[in-house]
Amino acid sequence: MAADDIHVRLCLQEIVKLDLEVKAIIQDVQSCGSLEELENLNKSAQSSLNNLKAKINELERVGREQDRDQDRLVVLKNVDSHRERMTSNVTSLRKTNLAVKMSLDRREKDELMAGTTVRKRNINSKETLAKAASNVTESLLELNQTMDAQVRKGNLTLTTLESSSRVITDTHEEFKSMGGHIHNSRRLITKYGQRELTDKLLIFIALVFFLATVLYILRRRLAWF
């Protein structure tokens, strides 16, 4: 097998591979969903087409270098065939791009129209939310005023309770003081009671001693008579 034949086969294989890549990209373009994706696919397609064009030119160069006229004619015929396919791919890519761009433009317009409707709905929703927020704010203000009034009442009640607590504390201290006085008085009374008992006992003893003395004296005098 001649080296030129191997070169021709390698070129043909690469050309077929690149042709299939371009066709696959065209299929992807047909299902493209955004302008950004479309742009990226077109860049890939352009790269593959440039490589394909280079390989076809390389095949043409190799074909013209063939020694035999028959081989040269076969190779150049393949070159013409692949150039026609490349031209067809380019035309198909352009038509597909145009159709996809029109479809994306229509969808964008529809989205803009839908967006306008949504914005109107959002405006109405915002107005409704603003009214609801205003009502909630008024309710919160009323609740805040009510809570302030309750707090003031609670403070007044607390002040009254503190005053009552101080009075009770003072009364308790007075009771403690009175209890101390009562305890001291009871102790004094008990002491006085004990002392009175002692005094009575001493008086009784003194009286008995006095009566005994009187009886003794009377007895002595009566004994003289």
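**Exercise 1. State how confident the predictor is in this model, and where confidence is lowest and highest.**

Step 1. The mean pLDDT of the protein is 80, and 71% of the residues reach at least 70; pLDDT is the predictor's confidence in each residue, on a scale from 0 to 100.

Step 2. By element, H3 has the lowest confidence, with a mean of 75, while H2 has the highest, at 93.

Step 3. Where pLDDT is low, the predicted coordinates should not be read in detail.

Step 4. Since the model is predicted, local features need pLDDT of at least 70 and side-chain atom pairs count only at pLDDT 80 or more, whereas totals for chains, interfaces and linings use all residues. Residues are numbered from 1 along each chain as its sequence is written, and side-chain values use heavy atoms, with hydrogens and water left out.

**Exercise 2. Describe the secondary structure and the surface of the protein.**

Step 1. The protein has 3 helices and 0 strands; these are DSSP runs numbered from the N terminus, with helices (H or I) of at least four residues and strands (E) of at least two.

Step 2. Along the sequence, the pattern reads α-α-α.

Step 3. About 18,200 Å² of the protein is exposed, and carbon and sulfur atoms supply 59% of that area. Accessible areas come from the Shrake-Rupley method with a 1.4 Å probe, and for residues only the protein chains shown count as cover.

Step 4. Of the 225 residues, 15% count as buried. Buried means under 20% relative accessible area, exposed means over 50%, and partly exposed lies in between (1.4 Å probe, protein chains only).

**Exercise 3. Identify the residues that touch the most other members of the largest nonpolar core, and the helices that supply it.**

Step 1. A nonpolar core is a set of buried Ala, Val, Leu, Ile, Met, Phe, Trp, Tyr and Cys residues joined through side-chain atoms within 4.5 Å.

Step 2. The largest such core has 23 residues, of which Val 29, Leu 52 and Leu 59 touch the most other members. At least two residues of this core come from each of helix H1 (3-30), helix H2 (35-64) and helix H3 (69-224).

Step 3. Beyond its neighbours within four places in sequence, Val 29 is in contact (heavy atoms within 4.5 Å) with Leu 38, Leu 41, Leu 93, Thr 96, Asn 97 and Val 100.

**Exercise 4. Determine whether Asp 19 and Gln 30 are buried or partly exposed, and list what each touches.**

Step 1. Asp 19 is found in helix H1 and counts as buried because its relative accessible area is 8%.

Step 2. The side chains of Asp 19 and Lys 23 are joined by a polar contact of 2.9 Å. A polar contact is a pair of N or O atoms within 3.5 Å; within protein, one must be able to donate a hydrogen and the other to accept it, and residues adjacent in sequence count only if both atoms are side-chain atoms.

Step 3. Not counting residues up to four places away in sequence, Asp 19 touches Leu 52, Arg 85 and Asn 89.

Step 4. Gln 30 is also found in helix H1, but is partly exposed, with a relative accessible area of 48%. With the residues up to four places away set aside, Gln 30 touches Thr 96 and Val 100.

**Exercise 5. Report how many disulfides the structure holds, and whether Cys 11 is buried or exposed.**

Step 1. A disulfide is a pair of cysteine sulfur atoms within 2.5 Å, and a search of the whole structure finds 0.

Step 2. Cys 11 counts as buried because its relative accessibility is 2%.
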